[in-house]
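The following exercises concern the geometry of one protein model. Each task is followed by a solution that proceeds step by step.

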Amino acid sequence: MNILITGGSRGIGFEMAQCFAEIGDNNIVAISRNEAGLKDLKNACIRKNVQAHLYPIVFDLEQVSQYETVLLPKIQQFLPHIDILINNAGFLINKPFESITAEEALQMCSVNFLAPAQLTRILLPMMRKGTSPHIVNISSMGGFQGSQKFKGLSIYSATKGALAVLTECLAEELKESKISVNCVALGSVNTPMLKEAFPGFTSPVSSTDMAAWIVNFAVTGGKLFNGKVIPVAITTP
Ligand SMILES: NC(=O)c1ccc[n+]([C@@H]2O[C@H](COP(=O)([O-])OP(=O)(O)OC[C@H]3O[C@@H](n4cnc5c(N)ncnc54)[C@H](OP(=O)(O)O)[C@@H]3O)[C@@H](O)[C@H]2O)c1
């Protein structure tokens with residue numbers, strides 16, 4: 001399978017790439033801004049499977065205007081088509097609504113909503129050539145309608161809610177194609193993001209367990225689900 005994961009340098013993305021490396025002869029492209037993190041990922045994948053094909057791409061997903069000119073050619077260097085796209089990269093600033101600057105809000109909108117939307121758009125031709133292609137958008141319980149909300153996460157949660165709605169809309173728009181689009185709304189997971197945003201809080205869910213679940217869903221779920229927003233949370237938060 002050919003797989004593209006955004007945000008592979010740490011956290012859930014780092015673990016998901018290793019799962020894909022371990023389970024078979026997969027070609028995995030991982031995108032992040034951090035070259036050292038992606039180098040660590042490549043080494044970790046090789047430790048899991050000496051035959052692992054992990055292709056790192058150092059790119060800032062906020063640079064939406066460079067997707068077609070810079071990012072797409074880099075992806076096409078490694079993958080002729082895409083079977084699984086996991087829009088996982090995320091950015092969170094935990095701050096009261098009144099204190100969030102326009103720049104901070106824009107950064108969360110760019111990484112959490114605009115980037116997955118635009119990346120999906122430019123990759124659709126490559127996905128149409130895939131086998132049972134599946135797009136998995138990583139959202140949050142904060143962006144799940146009717147869920148308990150938490151102070152400090154207003155803009156972050158709203159961007160994740162937008163990603164969930166985009167998923168439902170895209171499934172409708174792409175229903176004549178063989179591409180499935182789903183969204184998983186995660187509860188808390190122990191990752192660097194959680195540690196930085198909520199120092200001192202520990203989640204009962206490890207990034208390895210969550211990554212293994214998402215990888216299994218990405219491989220098998222596209223045949224059973226389309227346009228669904230699925231909560232994956234054992235506790236609140
Ligand atoms: N952890 C949780 O409790 C939790 C709960 C609900 C949902 N989620 C969601 O799950 C996903 C993974 O979260 P995580 O906890 O693993 O986060 P994390 O530890 O902060 O990792 C985030 C990843 O996104 C990448 N990223 C961020 N901004 C980027 C940019 N501008 N360009 C390219 N890559 C960028 C980071 O790479 P670089 O910094 O190297 O660029 C990193 O690899 C996110 O979408 C998050 O919102 C997490």
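**Exercise 1. Aromatic pairs**

Task: State how many aromatic pairs the structure holds, and classify the pair formed by Trp213 and Phe217.

Solution. In this predicted model, the number of aromatic pairs is four. For Trp213 and Phe217, the ring centres are 5.4 Å apart and the ring planes lie at 5°. Planes under 30 degrees apart count as stacked, so the pair of Trp213 and Phe217 is stacked. As for their place in the chain, Trp213 and Phe217 both belong to helix H7 and are four residues apart, about one turn of the helix.

**Exercise 2. The sheet and its helices**

Task: Determine the strand order of the sheet, identify its edge strands, and describe how helices H5 and H7 are placed against the strands.

Solution. Begin with the order: seven strands make up an open sheet, arranged S3-S2-S1-S4-S5-S6-S7, with parallel pairing. The edges are strand S3 (53-58) and strand S7 (229-232), each of which pairs on one side only. From one strand to the next, the twist averages 20°.

Next, examine the pairing at one edge. Strand S6 (residues 180-186) runs parallel to S7 and is joined to S7 by four bridges. Val184 has Ile230 in S7 as its bridge partner.

Then add the helices. H7 packs on the sheet and touches strand S4 (84-87), S5, S6 and S7; the direction of H7 makes about 145° with that of S5. Helix H5 (residues 154-173) lies across strand S5 (134-140), S6 and S7, and runs at about 155° to S5.

**Exercise 3. The largest cavity**

Task: Give the number of cavities of 30 Å³ or more, then characterise the lining of the largest cavity by class.

Solution. The count comes to one cavity of 30 Å³ or more. The largest cavity holds about 50 Å³ of space. Its lining consists of Thr6, Leu61, Tyr67, Asn87, Ala89, Val111, Ala115, Pro116 and Leu119. Sorting this lining by class yields seven nonpolar residues, two polar residues and no charged residues. Helix H4 (residues 102-128) gives the most to the lining of the largest cavity, namely four residues.

**Exercise 4. The second largest pocket**

Task: Which residues are the closest to the centre of the second largest pocket, and which helix gives the most to its lining?

Solution. The second largest pocket contains about 170 Å³ of space. It is lined by 14 residues, of which Thr131, Ser132, Pro133, Val219 and Lys223 are the closest to the centre. By class, the lining of the second largest pocket comprises five nonpolar, six polar and three charged residues. Helix H7 (residues 207-220) gives the most to this lining, with three residues.

**Exercise 5. Backbone details**

Task: Describe the backbone at Ser132 and the peptide bond from Thr236 to Pro237, and locate Ser132 and Pro237.

Solution. Although Ser132 is not a glycine, it has a positive phi of about 40°. Ser132 is situated in the loop between H4 and S5, and it also appears among the residues closest to the centre of the second largest pocket. The peptide bond from Thr236 to Pro237 is cis, with omega near 0°. Pro237 is located in the segment after S7.

Conventions
Residues numbered from 1 in each chain as written. Predicted model: local features only at pLDDT ≥ 70, side-chain atom pairs only at ≥ 80, totals over all residues. Heavy atoms only, no water. 1 Å grid on protein atoms, 1.4 Å probe; cavity = no way out; pocket = protein on both sides within 12 Å on 5 of 7 lines; lining within 4 Å. Points joined across faces, edges and corners; volume = space filled by probe spheres on them. Helix = DSSP H or I, 4+ residues; strand = E, 2+ residues; numbered from the N terminus. Nonpolar A, V, L, I, M, F, W, Y, C, P; charged D, E, K, R; others polar. Pairing = 2+ DSSP bridges. Axes fitted to C-alpha atoms, helices over the stretch in contact; angles between N-to-C directions. Contact = heavy atoms within 4.5 Å. Phe/Tyr/Trp six-rings, centres within 6.5 Å; stacked < 30°, edge-to-face > 60°.
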